[in-house]
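Work through these short exercises with the structure in view. Try each task before you read its solution.

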Amino acid sequence: MNFKLIGVNHNTAPLEVRERLAVSEERLPDAIRMLVEQPGVDEGMVLSTCNRVEVLTSTRQGTDLRGFFPRYFGLSPDALNSHIYEFEQREAVRHVFRVASSLDSMVVGEPQILGQVKEAYAVARGLGAVHSALDALLSRAFAVAKRVRSETAIGSSSVSISAVAVQLAERIFGSLKGRTVYLVGAGKMAELAARHLVSHGAENILVCNRTHERALQLAEAFGGEAVPYERLHEAAERADIVLTSTGAAEPLFLREHGEALLSRRKNRPMFFIDIAVPRNVHPDLGRLDGMFVYDVDDLQSAASNNTAERKREAQRAEQIVELEVDRFAVRMKSLHVVPTILSLQEYCETIRQAEIDRIRGRLGSITPEQEAAIEAMTRGIINKLLHMPITTLKSTAAGPEAAEVHDVIRRIFNLNRDRKGEDLRKESPAKKETED
Amino acid sequence: MPLFWLRVALTLYGVGLLCAVVTLWDSRRRLMGVMLPAAGAGIVFHFVSLTETAMSDIAPLSSLHQIESLLAFLLMTFFFVIYARYKTASPGIAVFPLAFLLTLSAQSSILATDSVAPQVSVSWTYMHVGLILLGYSALFVSFFASILYLIQERNLKAKGVGGFWSRLPALATIDEIGYRCLLVGFPFMTFGLIAGSVVAEARYGARYFSDPKILFSIVMWVLYTVLLYARWSAGWRGRRAAYMAAFAFGTAIVALAANSLSSVHRFIAP
C-alpha cells in the first residue's frame with residue numbers, strides 16, 4: 001500500500017486557479033473513474049470544495065499523479081505545478097487527518113469540511129473506487145476528526161471581527177432571522193460586517209450615510225432601504241442591530257438617544273456595533289439596561305481572545321492528529337506483513353497435506369481416532385515451527401528492520417514465486433489479521 | 001405501591017441531577033444523552049406513582065408529601081416543555097435540584113394522618129391544588145429565567161465572549177421563556193385561586209378573607225398581575241422584571257408557607 005495525495009488549497013492557489021480546478025458534483029464520478037484508470041492507481045477519490053481540490057490515491061510504487069490535473073482539466077502543467085502540493089505515505093495520512101479535522105481549513109475549526117470529505121468518500125466508495133486501504137484510511141480520518149472535535153474546543157470559537165459581531169448578536173437575539181440591521185455609515189467595513197450578518201439570517205437592512213447616493217447604492221445591494229441623514233435617529237427605532245462606522249468627530253448616539261429608543265421600543269434590547277474611530281456611540285449609552293455597545297477594541301479583544309484560545313486548541317488538535325498518524329502507520333505496517341503470514345501458512349499447509357497424502361497408503365487401515373491424531377500431530381509441528389517466524393514478522397513490522405526481516409522470510413520459504421499469495425493479499429488481509 | 005414508583009422516579013431524578021452537576025462542572029463532558037432520558041423516565045414513573053396514589057384509598061392531596069410530589073412532577077414537566085420548545089436545558093440548573101428535593105421529601109411518606117374535612121368538595125379541592133401548583137411551577141421557572149437573564153446581560157456587558165456562562169441560551173430566548181411562563185402560569189393561578197375561594201366560601205363563608213394565608217395569596221396574585229402587565233405593556237425585562245418576579249415569587253413562597261399560620265387552610269383537617 002502506498003498513499004499518495006496531490007492537490008491545491010486556499011494557501012497554495014489563488015481563487016482563479018481553484019475555480020478552474022473545481023470538479024462539480026455531476027462530473028465527480030467521471031473524474032474518479034478516470035483517476036482509477038491511471039496506471040498504477042489501485043484506489044482513488046476526489047475532494048473538491050471551494051477551498052481545495054485534492055486527489056487521494058492508493059497506488060503501487062512509482063506512480064506519477066502529477067499529470068492527472070493537467071490531463072483532466074486540459075491545462076498546461078507549468079501553470080499548475082507551482083500550486084500543487086504532493087504528499088506520500090505518512091505525510092498523506094497526516095494531511096487527510098488534518099483536512100478532515102478542519103485543521104487545514106481557511107477558518108480553522110469550521111464544521112463543514114468533515115461533511116464534504118464524507119460525501120466525497122461516499123461517492124468514490126459507491127463507484128468501487130475506494131475499497132480496502134483508502135477505506136481504512138478514511139474511516140480512521142473520520143474517527144480522528146470526531147476525536148479532535150470532542151477533545152478540543154476548536155469548533156467552538158470564531159475569529160474575525162465580523163464573526164465576533166455575529167456571535168455576539170446571536171447571543172443577544174438568538175437567531176438573527178427577521179432582525180433589522182441599521183448601517184450608519186456605508187464604508188467597506190460596514191458592508192463586510194453587514195454581509196456577514198445577512199448571511200446569518202438578518203433580513204432587513206437600513207442604510208444611512210452622509211452622502212445619500214452611497215446609502216442608496218448599498219441599500220440596493222442588500223435589497224434594503226436608504227434613510228436620509230436627517231432622519232438618522234428616527235430610523236434607529238426600527239433596528240435591532242446598529243452598525244456605526246462614520247467619520248463623525250463627536251458621538252452620534254448619546255445616552256438620551258438610548259433612553260428614547262428604549263421607551264419607544266418597549267425596552268427591547270439593541271446591539272450597537274461601533275467600528276468607528278473616534279467612536280460614534282457614547283459609552284454611557286451602553287450602561288442602560290438592554291443596550292449592548294461594543295466598540296472596535298471590545299470586538300478586537302473578543303476576537304483575539306478567541307484567536308489565542310483557538311491557537312491553543314489547534315495545537316492540541318495537531319498533537320492528537322500526530323498521535324493518530326503514528327497509530328495508523330503502525331497498523332498499516334503490520335497490515336503489510338499479513339499477506340506474507342498467509343502465504344507462509346498456506347505454503348506449509350500444502351506441504352503437510354502432500355506428505356499426509358503420500359504416507360496415507362502405507363499406513364493401511366487406521367481408525368478415525370488415529371487419523372485425527374496424525375492430523376493433530378502434523379498441525380502441531382507446523383504451528384510450532386511457524387510460531388517464531390510469524391511472531392518476528394509481526395513484532396518487527398513497525399520497526400526499522402521490517403523490510404529486511406520480511407524479505408529474508410520470504411526468501412527462506414521461497415514465497416516470492418507464490419502467485420496465490422499475491423492474490424490473497426487483495427482479498428482479505430484485514431480479516432485475517434484479527435484471526436492471528 | 002405508589003411509594004415504590006416514586007422512589008424509582010427519585011433515583012432517576014438523582015441520576016439526572018448528577019449528570020447536570022457534572023456537565024456544569026466540566027463543560028467537555030456531554031452527559032445530556034444520559035441526563036434527559038433519565039429525567040424523562042423519572043417523569044414517567046412519577047406519573048405512575050401519582051396515578052396509583054389517586055386510585056388508592058389514600059385521601060387525595062391530603063398530605064404535604066402528596067403536594068410536594070405533584071409539584072415536583074409539574075416542575076419536571078415544565079422543564080421538558082421548555083426543552084422541547086427552546087432546546088435549552090438551562091432551567092434544569094434550578095428545576096432538577098428542586099424537583100429532587102421535593103420528591104425526596106415526598107417519598108418519606110405519602111399517607112396523611114387524617115383526611116380533609118369531608119364537607120369539602122373533593123373535585124374543587126383537586127382543581128384548586130392542581131391549578132395553584134401549575135401556577136407556582138410557572139412562576140418559579142419564570143423567576144429563574146429572569147435570574148438567568150440578569151446573568152447573561154451582565155456577561156454580555158462585561159464584553160467577554162467565552163467563559164462559563166457562554167453556554168446559556170441567547171438573551172432573547174431566556175426573555176421569551178420567562179414571559180411565556182408568566183403568561184401560561186397566570187390563568188392557572190387565577191382559576192386556582194377562584195377554585196380555592198369557592199371551596200372556602202362553601203366551608204367558612206366570608207370569614208376566610210381575613211385569614212393570613214388568603215391575604216398573602218391575594219397579594220401574590222396582584223403582584224403577578226402587575227408583573228405580567230408591566231411586561232406586556234412596557235416590555236419590562238432585565239433588572240426591573242427580575243426584582244418584580246423575585247418579589248412575586250417570594251410572596252408565593254410565603255403564601256405557601258402560611259399554611260401553618262392559617263386556621264382555615266390546612267392540608268390536614270384539625
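**Exercise 1.** Which residue in strand 3 of chain A does Gly7(A) stand opposite?

*Solution.* Keep in mind that this is a predicted model. Start with the two strands. Strand 1 of chain A covers residues 3-9, and strand 3 of chain A covers residues 52-59. The two run antiparallel and are joined by 7 bridges. Now find Gly7(A) and look across to strand 3 of chain A. The residue there is Glu54(A).

**Exercise 2.** Give the strand order of the open sheet of 4 strands in chain A, then explain why one side of strand 2 and of strand 4 is left without a neighbour in the sheet.

*Solution.* First, read the order: 2-3-1-4, with antiparallel pairing. Next, look at the edges. Strand 2 (41-48) and strand 4 (85-88) of chain A stand there. Each has a single partner strand, so one side of each lacks a neighbour in the sheet. Finally, check the twist. From one strand to the next, it averages 15°.

**Exercise 3.** Which strands of the sheet does helix 2 of chain A touch?

*Solution.* Locate helix 2 of chain A at residues 28-37. This helix packs on the sheet and touches strand 2 and strand 3 of chain A. Then compare directions. Helix 2 makes about 150° with strand 2 of chain A.

**Exercise 4.** How many residues does each chain give to the contact between chain A and chain B?

*Solution.* Chain A gives 22 residues and chain B gives 15. Now take the side of chain A that touches chain B. Its largest share, 6 residues, comes from helix 8 of chain A. Last, sort that side by class: 7 nonpolar, 8 polar and 7 charged residues.

Note on methods: Residues numbered from 1 in each chain as written. Chains lettered and ligands numbered in written order. Predicted model: local features only at pLDDT ≥ 70, side-chain atom pairs only at ≥ 80, totals over all residues. Contact = placed C-beta atoms within 7 Å. Nonpolar A, V, L, I, M, F, W, Y, C, P; charged D, E, K, R; others polar. Pairing = 2+ DSSP bridges. Axes fitted to C-alpha atoms, helices over the stretch in contact; angles between N-to-C directions.
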